[in-house]
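Here's a short set of exercises to work through with the model open in your viewer. Try each task before you read its solution.

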Amino acid sequence: MQKLLLTIDKISTFVGHAFSWLIVALTFLISWEVFSRYVLDHPHPWAFDVMIMMYGTLIVMAGAYTLAKSGHVRGDVLYGFFRPRTQATIDLVLYVIFFIPGVFALTYAGYYYAAESWAIWEHSNVTAEGPPIYPFKTMLPLAGAFLFLQGIVEIIRCVICIRQGEWPSREEDVEEVDVDKLKQMVHVKDEDIARLDQLVVQEGGKK
Amino acid sequence: MKIRRELWFGFSLMAIIIVTVLIFTPWASLFDGHLSHDDLGALGLLMLALIVVAIMLGFPTAFTLMGMGVAFGWLAYRSVNPQIATQQILDLMVQRAYSVMSNDVLIAIPLFVFMGYLVERANLIEKLFKSLHLALARVPGALAVATIVTCAIFATATGIVGAVVTLMGLLALPAMLRAGYSVQLSAGAITAGGCLGILIPPSVLLIVYGATAGVSVVKLYAGAFFPGIMLAGLYVLFVIIVAKLKPHLAPPLSEEERRVVLPPISQALSGRSRNAVAGLFGGLRDAGLPRRSVVGQLFVTLLPALSIVALLLLVYGGATAPVAAVDTSGLVQAGSGMPAEETAEPSSGLQEPPMESAADSAGVKEPEALGTAAAPVAAPSAAAPRVAPAQAAAPVAPAAERVPAPTWFWIVFASGIAALLLITWLMNWQRLEIFKMLLTSFFPLAVMIVAVLGSIVFGLATPTEAAAVGAFGGLLLAGAYRYVAARQSHRPHPINATLRDLGGIMKESSFLTAKTSAMVCWLFVGSSIFSASFALLGGQELIERWVLSLGLTTVQFMILSQFIIFILGWPLEWTEIIVIFMPIFIPLLAKFGVDPLFFGLLVALNLQTAFLSPPVAMAAFYLKGVSPRHVTLNQIFAGMMPFMGIQVLAIILLYMFPQIGLWLPQLLYK
């Protein structure tokens, strides 16, 4: 079971990682476009549409990945104080009440939304001859499906947690504040901090 | 199990809300499906109450909002036409989601976030802190001031509170403790400084607010600039005053800590003349010294002078441009105040490095002159965004006569020349070293920030374009610093090593960017579905009617709303507050005649306070994670309190004198 969970996690992560590179592409694309427009005086009419599509694809496709790494913001006032079992119970109930219907509806609606777009070979109307927009609209149901899948994994996680009393493990990923890495970056070692402690104690003694 | 007090409090609050909800739910009409107008409004309020409960329970907010929005929206549609209600709510949902996906304001978020992660990983904070520390060595409370300035600059470029606080906790806290600073003051300076990135543009918070409230991000950036600087300035002022009044809390630095080590060539030349410029010119004729490095040093020494000359030429070009471009010259002049203000502090410190003899005391005697001299030092950073207006002005009417230079130009010219002479005269060997350090740490970052902000604020580029170019600049910066590091540590094939490093940096940064922006944007998807349902149910209307029935004056309304936002800042993150609650406040603003732009600035300042208010202040926990064992959370909280007081003072100041925030946007976008 744990293996299956981790496999689906890996799929979400892989998709998320793959689409993350869009931000690099987006940076280069816009930088080039800015250069091309202001220096070479040669703007591209499709640039705006492509920018938006890259951004939109990036954010929706990273949704499942973010969920797999529990990166979606949550109110931490009470949640942090709960025991894992309580946390899992609350999560389980709310996944079933809010997540499943919400994301299912989004995927379902997104499917028809994209299908309509495919049916008429819709093109962007921002500029006169805009690029095709149906692949972009397809991203919404696709992202919804991945998110739904990941949501089911999270539900199973909750069930396991309720049974075992502790959360099953997750795969590691880059973290925003990785203290060890930051320590290494500025060449600070744990001993240095420990040595510093004496100063704090001394100062406390003086008062 | 012993349930903690916090839990009791939370649960009883929830119980109260749920019981109220159950009592007031129009059950009867809910089941037969015939909801009257008032029933719907009541449902809307219930929805709001429930969302507070659900958020407090700790479920990912984006999906709570989405699920609840769908359910209640369906109820609202069903009361009108049960047959097509399902189709309607699905349409609403997908359109809302798609509008977030194709939002041309939110697109700047991943780019700015990406830029932040890249700059963070460029690994320049160590150098930045060290050079600022030396440059500010004469100021009372030098280390704390240097900490705040470093934080302000670094946080502005990165915008990541956790990383800035952690890094400064690793760098500045040991330095301050070793210098005998009190734990409280050190902790306060680090946490308060680290949070400045929330407010000072280019900040993600302002983009999110702009997208929610429909206020132009450009105006918000222009408006938040001076309040941000003001807040940083107040922090610095506070530290200086504390250091003056209670020297035992922040003792002055010892001679040892202030000493600048001179490289051999400077030592050799310092016998010749105390002045670096004269010494280096003399060194040119000295055959005993490596000529190339003398010329190199001389070039660095003359950089301020060169940039002042370049700036004067540009201003002259702008001032004497043909009549059609008169507006532009005003623009240029207005702009000159801004970057100078930003960099004035660090660079005035530049003028005051350790002085060893009385002969050198001119700097002490002429503080005012130094102040004016400081401004043009900032010129190199200001030059970049200013090139374009001046150049743009020129081709407007090439046939027209150039106008003679106005009087103000000659005043600028004279002060520029005076500054030039003063800098040249004051440039001794220690200052030269400090200047070189600043040149490699402070100025690149400052130039980048000013270029990004300047191009946005002066309307040369959209925030998206500026963010992308900023991210590209961040990449170059990271590459340059890694390359220098690789060269210095004598790794084989420094270019290959740098490229490999850069690949790793790009990979990590883009993964983190994907997670952060997905988090913000899915929250947006959820909240826009939610607020659409809320409006459908008429909850908005009900709240409006209720607030108006209170008969508040504008001032009362402002105080009340800011107070509510402040309270919400405890349990919720700023993203949640803005995307969920701003749509409720914004329509009320028009009724009270409050400018949404001004309101946004107040909200941004206010939410920053939330980062420093115990017991939930994230900054404190980040600092605690890297501080020595005996530094307690209480000490950190105690250190943060005065800075929190300053923030409240800043909010009041901004409210009393709205011009602090509104002057720049009004000037630029009349």
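**Exercise 1.** Work out how Glu33(A) and Arg37(A) are placed along their helix, and what links their side chains.

*Solution.* Step one: find the helix. Both Glu33(A) and Arg37(A) sit in helix H2 of chain A (residues 22-38), 4 residues apart, about one turn of the helix. Helices here are DSSP runs of H or I with at least four residues, strands are runs of E with at least two, and numbering goes from the N terminus. Step two: recall the geometry. An α-helix has 3.6 residues a turn, so residues three or four places apart point the same way. Step three: check the atoms. Glu33(A) and Arg37(A) form a salt bridge, with the closest N and O atoms 3.3 Å apart; the rule asks for a side-chain nitrogen of Lys or Arg within 4 Å of a carboxyl oxygen of Asp or Glu. Step four: look at the accessibility. Glu33(A) is buried at 3% relative accessible area, while Arg37(A) is partly exposed at 29%. The cut-offs: buried is under 20%, exposed is over 50%, partly exposed is in between (1.4 Å probe, protein chains only).

A word on the ground rules: this is a predicted model, so local features need pLDDT of at least 70 and side-chain atom pairs count only at pLDDT 80 or more, while totals for chains, interfaces and linings use all residues. Residues are numbered from 1 along each chain as its sequence is written, chains are lettered from A and ligands numbered from 1 in the order in which they are written, and side-chain values use heavy atoms, leaving out hydrogens and water.

**Exercise 2.** Follow Arg37(A) across to chain B and describe the interface there.

*Solution.* Start with the pair itself: Arg37(A) also forms a salt bridge with Glu465(B), the closest N and O atoms being 2.6 Å apart. Across the interface of chain B and chain A, the rule finds 1 salt bridge. Next come the polar contacts, with 5 residue pairs between the two chains, both partners at pLDDT 80 or more. (That's a pair of N or O atoms within 3.5 Å; within protein, one must be able to donate a hydrogen and the other to accept it, and residues adjacent in sequence count only if both atoms are side-chain atoms.) Helix H24 of chain B (residues 494-537) gives the most to chain B's side, with 16 residues. By class, that side has 57 nonpolar, 20 polar and 14 charged residues. (Ala, Val, Leu, Ile, Met, Phe, Trp, Tyr, Cys and Pro count as nonpolar, Asp, Glu, Lys and Arg as charged, and the others, Gly among them, as polar.)

Now the totals. The contact, meaning heavy atoms within 4.5 Å, takes 91 residues from chain B and 80 residues from chain A. The two chains bury about 7700 Å² between them, 77% of it on carbon and sulfur atoms. In chain B, Phe59(B), Met101(B) and Trp522(B) lose the most area to chain A, together 10% of what that side buries. Buried area is the accessible area (1.4 Å probe) that two parts lose on being put together, summed over both.

**Exercise 3.** Which parts of chain B does the pair Arg121(B) and Glu508(B) tie together?

*Solution.* First, the link: Arg121(B) and Glu508(B) form a salt bridge, with the closest N and O atoms 2.8 Å apart. Arg121(B) lies in helix H6 (residues 108-121) and Glu508(B) in helix H24, so the pair ties together parts that are 387 residues apart in sequence. Both Arg121(B) and Glu508(B) are buried.

Then look at Glu120(B), also in helix H6 of chain B. Its side chain makes a polar contact with that of Arg121(B) at 3.3 Å. Glu120(B) is buried, at 2% relative accessibility. Residues that Glu120(B) touches include Leu182(A), Met185(A) and Phe154(B).

**Exercise 4.** Where does helix H27 of chain B bend, and what follows the helix?

*Solution.* Helix H27 (residues 574-592) bends by about 50 degrees at Met582(B). The bend is the angle between axes fitted to the seven residues ending there and the seven starting there. A proline, Pro583(B), follows within four residues. Of the 19 residues in H27(B), 15 are buried. After H27(B) comes Gly593(B), with a positive phi near 70 degrees.
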